[in-house]
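Me: I have a model to go through with you. Let us take it in short questions and answers.

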Amino acid sequence: MSSEQLFEGIKNAIVDLDREECLKLAQEALDAGINPLEVIENGLKKGIQIVGTKYDDGELFIVDLMMAASAMKAAVELLELHISAELKQQARAGKIIIGTVEGDVHDIGKTIVSTLLAANGFEVIDLGTEVPSSRFVEKVKELKPDIVGMSALLTTTMPQMQEVIEALEKEDLRDSVKVMVGGAPVTQEFAEKIGADGYAKDAEKAVKWAKALTS
Ligand code: B1M
């Protein structure tokens, strides 16, 4: 199968909520030597976007979203092993704590960002999902990272990012860290409005930003 056929098959497997087919094709792509990031961008992400639109249009339900997410997470986990293995030896480029903000359970994109940052030499401490501002503050005090990264997928949880920045200011910690934000509804304009230092549209841009912010 060509790489284009594999991407198409992986996209369709997500849309069909077919976890096994998705994993099988992801493994085939790896065996064929295709860059795992291309599989995520050209196959998995396209599939999950279609699923999101179908959910919006009432064609799919929350249970379907969960099945698609489970297939995507399993495939990302498989691909991640290969991303990290290639680049793990690199020197540490900086320390980052990252999490999905309070009230938000979406973690697929955040985990891809974490993995790619780690693969590019950053020490990444992933706080998981639904992370309250107090935990971000506590971890900044404890771990003294170079960057705090926040992800939000819901318009209703985006304001949490500002809350974290304000909490850092209140504790006199804001000047000790750079803040990077991202997630589908987040924009450059929003990042500037809440006083973040960086915004990234996707995982590769997040790495570029993190490198620029720490250099
Ligand atoms: Co939900 N969901 N969801 N969902 N879900 C969205 C986000 C939605 C757009 C779907 C829709 O209506 N079309 C919609 C939000 C609408 C809005 O806010 N305007 C929505 C909704 C409404 C909900 C619920 C409220 C549904 C309900 O319960 N009625 C609920 C909320 C639960 C909660 O959080 N409290 C909910 C639940 C779920 C599932 C649990 C079923 C599942 C998540 C599973 C999981 O993550 N473990 C899910 C899914 C899968 C989606 C969609 C379909 C896909 C999200 C995803 O994984 N995308 C999504 C629709 C969509 O986005 N098209 C949707 C793929 C991922 C690779 O992309 O996360 O954007 P993304 O990450 C990218 C970039 O954004 C960027 O890099 C990543 C890689 O390129 N990035 C960063 C992300 N974080 C970054 C951080 C950075 C930098 C870059 O710096 C730190």
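Reply: Helices and strands here are DSSP runs, numbered from the N terminus. The model is predicted.

Me: Which protein residue is a donor of the cobalt atom of the ligand?

Reply: A donor has to be an N, O or S atom within 2.8 Å of this metal. The NE2 atom at 2.2 Å meets that cut-off, and it is the only protein donor. It belongs to His106.

Me: Where does His106 lie?

Reply: Two elements flank it: strand 1 covers 94-100 and helix 5 covers 108-119. His106 lies in the loop between strand 1 and helix 5.

Me: How many residues surround the ligand, and which are the closest?

Reply: The count of surrounding residues is 36. The cobalt donor His106 is among the closest. The closest are Lys45, Val105, His106, Asp107 and Ser151.

Me: Which atom type of the ligand lies 3.3 Å from a backbone N or O atom of Ala184?

Reply: Gly52 has a backbone N or O atom 3.2 Å from a nitrogen atom of the ligand. His106 has a polar side-chain atom 2.8 Å from a nitrogen atom of the ligand. For Ala184, the partner at 3.3 Å is an oxygen atom.

Me: Which side chain of opposite charge is nearest to Asp104, and how far away is it?

Reply: Asp104 is found in the loop between strand 1 and helix 5. It is buried, yet has no salt bridge. A salt bridge needs a nitrogen within 4 Å of a carboxyl oxygen. The nearest side chain of opposite charge is Lys110, 10 Å away.

Me: Which side chain joins that of Asp104 in a polar contact?

Reply: Leaving out residues up to four places away in sequence, Asp104 touches Thr129, Glu130, Ala152, Leu153, Leu154 and Thr157. One of these makes a polar contact of 2.7 Å, side chain to side chain. That residue is Thr157.

Me: Is Ala13 buried or exposed?

Reply: Ala13 is found in helix 1, residues 3-15. Beyond four places in sequence, it touches Asp18, Glu21 and Cys22. Its C-alpha atom is separated by 8.7 Å from that of Leu44, 31 residues apart along the chain. Its relative accessibility is 2%, so Ala13 counts as buried.

Me: How many salt bridges does the count come to?

Reply: Side chains of opposite charge can pair when their charged atoms come close. Glu21, Lys24 and Glu28 are linked in a network of such bridges. The count comes to 12 salt bridges.

Me: Is Lys11 buried or exposed?

Reply: Lys11 meets Glu8 in a salt bridge of 3.4 Å, N to O. Both lie in helix 1, 3 residues apart, about one turn of the helix. Glu8 counts as partly exposed at 40% relative accessibility. Lys11 has a relative accessible area of 17%, so it is buried.

Me: What separates Lys139 and Glu142 along helix 6?

Reply: These two form a salt bridge, with the closest N and O atoms 3.1 Å apart. Lys139 counts as buried at 14% relative accessibility. The pair is 3 residues apart in helix 6, residues 133-143, so the separation is about one helical turn.

Me: How many residues apart in sequence are the parts tied together by Glu171 and Lys141?

Reply: Glu171 is partly exposed at 39% relative accessibility, and Lys141 is partly exposed at 44%. Their side chains meet in a salt bridge of 3.0 Å, N to O. Glu171 lies in the loop between helix 7 (159-170) and strand 4 (178-182) and Lys141 in helix 6, so the parts tied together are 30 residues apart.

Key
Residues are numbered from 1 along each chain as its sequence is written. This is a predicted model: local features need pLDDT of at least 70, side-chain atom pairs count only at pLDDT 80 or more; totals for chains, interfaces and linings use all residues. Side-chain values use heavy atoms; hydrogens and water are left out. Donors are N, O and S atoms within 2.8 Å of the metal (3.2 Å for Na, K and Ca); water is not among the atoms, so sites may look incomplete. Helices (H or I, at least four residues) and strands (E, at least two) are DSSP runs, numbered from the N terminus. Buried means under 20% relative accessible area, exposed over 50%, partly exposed in between (1.4 Å probe, protein chains only). Lys and Arg count as positive and Asp and Glu as negative; His and the chain ends are not counted. A polar contact is a pair of N or O atoms within 3.5 Å; within protein, one must be able to donate a hydrogen and the other to accept it, and residues adjacent in sequence count only if both atoms are side-chain atoms. Contact means heavy atoms within 4.5 Å. A residue is near a molecule or strand if one of its heavy atoms lies within 4 Å of it.
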